[in-house]
Amino acid sequence: MPRFNRPLLRALSVFVLSSGMAAVAAPAGAQQSGEVILDARCSSCHDRLADGRISRIGEIRKTPEGWDMNIARMIIMHGVEITSEERGALVKHLSDTQGLAPSETRDWRYILERRSGVFEDIPDEDLGVMCARCHSYARTALQRRDEAEWVKHAHFHQGQWPTTEYQALGRDRNWWELASTQVPKRLGELYPLQSEAWDNWKARAAPDLSGSWRVIGNRPGKGAFQGVAVLAGKGNDAYGVKMFLFYADGSKANGEGEAILYTGYEWRASVTLDGEDTLQVMAVSAGGGEMSGRWFLEDPDSIGGDIVLARAGKGAAARIMAVFPPHIRIGETATLTLHGVGLGGDIDLGSDVSVDRIVSRSSDIIVVEATASGSPGARTVVAGAAQGPDALMVYDKVDSIRVEPAYTIARVGGGAIAPVPAQFEAVAFMDGPDGVPGNDDDVRIGVMPAQWTVGNHGDFAAALDDAKFAGAITQTGLFEPAVAGPNPARPFSTNNAGDLAITASVDVGGQSLQGTAQLIVTVQRWNDPPIR
Ligand code: HEC
Ligand code: HEC
């Protein structure tokens with residue numbers, strides 16, 4: 001079975017960014033050159049239909065990553081020849097003219113943001129077994145086609161991978177019959193080509209995002225950061241990016257890079273920060289005043305966190321974006337830093353949290369000394385016109401510790417494919433109104449420093465002593481997997497895969513509280529396309 005090879009994929013994951021950049025900077029309008037490229041590179045196999053659309057291509061809508069993967073498949077499977085610049089311009093053109101509206105991607109952004117360990121919310125179990133056992137369900141839910149086009153898509157699957165019918169969860173049912181009748185019908189209803197959301201969205205002009213922005217983010221294992229981004233429009237939705245970031249722990253990360261805005265809201269940036277190559281996948285809000293999503297290392301992309309940008313400077317909406325640290329204990333006097341835009345006027349930290357002293361203030365940053373009393377719960381923080389709903393959590397005591405993520409995977413590696421680490425955080429909770437830990441009414445306080453240990457999860461892991469072989473955890477909660485391949489030191493010379501219990505111990509006023517997560521350490525992923 002032909003498959004993607006690793007070097008091509010490595011190019012692919014950054015492809016949309018790098019080559020698209022060159023292409024959209026070209027003088028010819030991206031729209032027009034897109035049509036020219038379609039005719040030159042695609043129409044030899046895909047006819048123009050009577051209504052002017054191109055067969056197959058004109059009958060589908062998808063994300064930038066979806067279009068890029070599609071073109072990659074045309075190159076690998078059907079020998080299409082296309083330059084990097086043309087491919088970038090085509091991804092831009094197709095995403096702009098046949099993309100998805102913000103409401104159509106909202107539930108599935110985790111796959112674009114390359115978040116790991118996500119449990120997908122699939123409409124029903126049958127659809128999951130049929131269409132989400134080789135790849136994510138989000139890959140399907142991020143495409144729009146009518147029933148007849150979903151049928152053709154099923155034909156491509158069966159033609160390309162005839163063994164599908166005979167695999168587990170394929171031979172217990174009439175897979176092909178379902179895949180070519182019921183499933184396309186259902187998908188055509190759930191995800192049709194035409195939608196009001198898209199019709200309304202595609203008519204809008206893309207916003208100009210040039211200017212300065214306030215940045216708030218988090219790097220699990222290191223902590224929160226804040227700072228400034230300066231975006232410089234270069235035409236055709238391409239931008240130069242400069243970032244100046246400051247971590248709450250006192251360290252800095254500056255850098256620059258480039259970005260493209262697809263479909264009027266899909267922000268894709270590649271920024272080198274403090275020597276590290278990062279990718280940033282964000283969705284721009286409808287008004288163009290905010291963008292949010294995830295930033296991550298280009299490799300390994302399991303390392304990264306949430307990021308939010310809000311427009312700063314003249315005319316920007318006033319807002320409190322974050323309070324560092326985001327929690328204060330009742331009876332405690334602490335230094336709190338408010339971050340945001342347009343922070344003028346009176347400061348209010350919510351009921352029973354007094355501002356004892358203003359240490360310093362600017363329109364972006366206010367440092368105060370504050371004392372909390374009263375009852376536990378979230379407080380809305382205000383500075384003049386700027387508001388931060390639930391920006392500060394007042395707590396009386398830490399009742400329990402949870403490890404986040406509660407369940408995830410890491411991958412052994414070395415040689416051709418680097419290992420994929422997993423990053424954990426210890427998060428403090430209050431029990432909430434019912435006084436019972438571990439349920440939905442628990443109140444999240446925030447991340448706490450912890451001591452980390454690795455144990456076996458379950459009897460089978462204990463029998464093979466996975467904890468000894470699968471890897472080790474650092475005291476910042478970073479699990480680093482062991483090398484790939486058979487290990488003669490293990491029973492049956494098995495590899496270094498494992499089923500582990502990751503435990504965080506947090507010192508809470510002299511008492512040690514613990515939380516545990518499950519980590520599956522598994523084998524390498526040899527084929528790692530932009531949408532898993
Ligand atoms: C050499 C012939 C050839 C060329 C040139 C070609 N394709 Fe295809 N394309 C195919 C074939 C065959 C299929 C159906 C099988 C499949 O999906 O792989 C297909 C299917 C597709 C589909 C439907 C895939 C799906 O998800 O169901 C899209 C979209 C597409 N091509 C886009 C393109 C684009 C864009 C180009 C130009 C960059 C292109 N093709 C050039 C042969 C070609
Ligand atoms: C036997 C494994 C398997 C099953 C079952 C499967 N797929 Fe796929 N699917 C694949 C592979 C492999 C690819 C191609 C991956 C690539 O291009 O990187 C793919 C690609 C796709 C794509 C992206 C294609 C493109 O170029 O735009 C979509 C959408 C998709 N599948 C939907 C479905 C749906 C809907 C079903 C259920 C009817 C399904 N898949 C069932 C293996 C599977």
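**Exercise 1. The surroundings of ligand 2**

Find how many residues surround ligand 2 and which of them are closest.

*Solution.* Start with the count: the shell around ligand 2 has 22 residues, and the closest are Lys62, Cys131, Cys134, His135 and His157. Please keep in mind that this is a predicted model.

Next, ask which helices contribute. At least two residues of the shell come from each of α3 (64-78), α7, α8, α9 and α11 (182-190). Of the shell around ligand 2, the largest share is that of α3, with 3 residues.

Then look for polar contacts, using a cut-off of 3.5 Å between N or O atoms. Three side chains can be listed here:

- Arg73 places a polar side-chain atom 3.1 Å from an oxygen atom of ligand 2.
- Gln143 has a side-chain N or O atom 2.8 Å from an oxygen atom of ligand 2.
- His135 has a polar side-chain atom 2.8 Å from a nitrogen atom of ligand 2.

**Exercise 2. The iron atom of ligand 2**

Work out which residues coordinate the iron atom of ligand 2, and what geometry the site has.

*Solution.* Begin with the protein donors: His135 and His157 both coordinate the iron atom through NE2, at 1.9 to 2.0 Å.

Now turn to the angles. The site has 6 donor atoms, and the angles among them run from 87 to 178 degrees. For six octahedral donors the ideal angles are 90 or 180 degrees. The site of the iron atom of ligand 2 is octahedral.

Where do the two histidines sit in the chain? His135 belongs to the loop between α7 (125-131) and α8 (138-141), while His157 belongs to helix α9 (residues 147-160), so the pair ties together parts that are 22 residues apart in sequence. Finally, check accessibility: both His135 and His157 are buried.

**Exercise 3. The iron atom of ligand 1**

Repeat the analysis for the iron atom of ligand 1, and decide whether His46 and Met74 are buried or exposed.

*Solution.* First, the donors: His46 (NE2) and Met74 (SD) coordinate the iron atom of ligand 1, at 2.0 to 2.3 Å. Second, the geometry: with 6 donor atoms and angles of 87 to 178 degrees among them, this site is octahedral.

Third, the chain positions: His46 is in the loop between α2 (30-42) and β1 (61-62), and Met74 is in helix α3, so that the pair links distant parts of the chain, 28 residues apart.

For the last step, recall that buried means under 20% relative accessible area. His46 has a relative accessible area of 16%, so His46 is buried. Met74 has 19%, so Met74 is buried too.

**Exercise 4. An open sheet**

Describe the sheet that contains β11, β13, β16 and β15, and identify its edge strands.

*Solution.* Take the order first: the 4 strands run β11-β13-β16-β15 in an open sheet with antiparallel pairing. The edges are β11 (319-324) and β15 (353-361), each of which pairs on one side only. From one strand to the next, the twist averages 30 degrees.

Now zoom in on one pair. β15 and strand β16 (residues 365-372) are joined by 7 bridges in the antiparallel sense. Arg361 has Ile366 in β16 as its bridge partner.

**Exercise 5. The partners of β28**

How many bridges join β28 to β20 and to β27, and in which sense does each pair run, parallel or antiparallel?

*Solution.* Strand β20 (residues 407-411) is joined to strand β28 (residues 511-522) by 5 bridges, and these two run parallel. Strand β27 (residues 498-508) and β28 run antiparallel, with 11 bridges.

A shared residue helps you anchor the picture: Val521 in β28 is the bridge partner of Ala410, and Gly498 also stands opposite Val521. The link between β27 and β28 is a hairpin with 2 residues between the strands, where Gly509 in the turn has a positive phi of about 50 degrees.

**Exercise 6. Backbone checks**

Locate the cis peptide bonds before Pro300 and Pro325, then examine phi at Arg114 and Asp274.

*Solution.* The bond from Asp299 to Pro300 is cis, with omega near 0 degrees; Pro300 is in the loop between β9 (290-297) and β10 (304-311). The bond from Phe324 to Pro325 is cis as well, with omega near -20 degrees, and Pro325 is in the loop between β11 and β12 (327-329).

Arg114, a residue other than glycine, has a positive phi near 55 degrees and lies in the loop between α6 (109-112) and α7. Asp274 is not a glycine either, yet its phi is positive at about 50 degrees; the loop between β7 (266-273) and β8 (276-284) holds Asp274. Arg114 is buried, at 10% relative accessible area, whereas Asp274 is exposed, at 55%.

Conventions:
Residues are numbered from 1 along each chain as its sequence is written. Chains are lettered from A and ligands numbered from 1 in the order in which they are written. This is a predicted model: local features need pLDDT of at least 70, side-chain atom pairs count only at pLDDT 80 or more; totals for chains, interfaces and linings use all residues. Side-chain values use heavy atoms; hydrogens and water are left out. Donors are N, O and S atoms within 2.8 Å of the metal (3.2 Å for Na, K and Ca); water is not among the atoms, so sites may look incomplete. Four donors count as tetrahedral if all angles lie between 85 and 135 degrees; four count as square planar and six as octahedral if opposite donors are over 155 degrees apart and all others between 65 and 115; anything else is irregular. Buried means under 20% relative accessible area, exposed over 50%, partly exposed in between (1.4 Å probe, protein chains only). Two strands pair if DSSP finds at least two bridges between them. Axes are lines fitted to C-alpha atoms, for helices over the stretch in contact, and angles run from 0 to 180 degrees between N-to-C directions. A residue is near a molecule or strand if one of its heavy atoms lies within 4 Å of it. A polar contact is a pair of N or O atoms within 3.5 Å; within protein, one must be able to donate a hydrogen and the other to accept it, and residues adjacent in sequence count only if both atoms are side-chain atoms.
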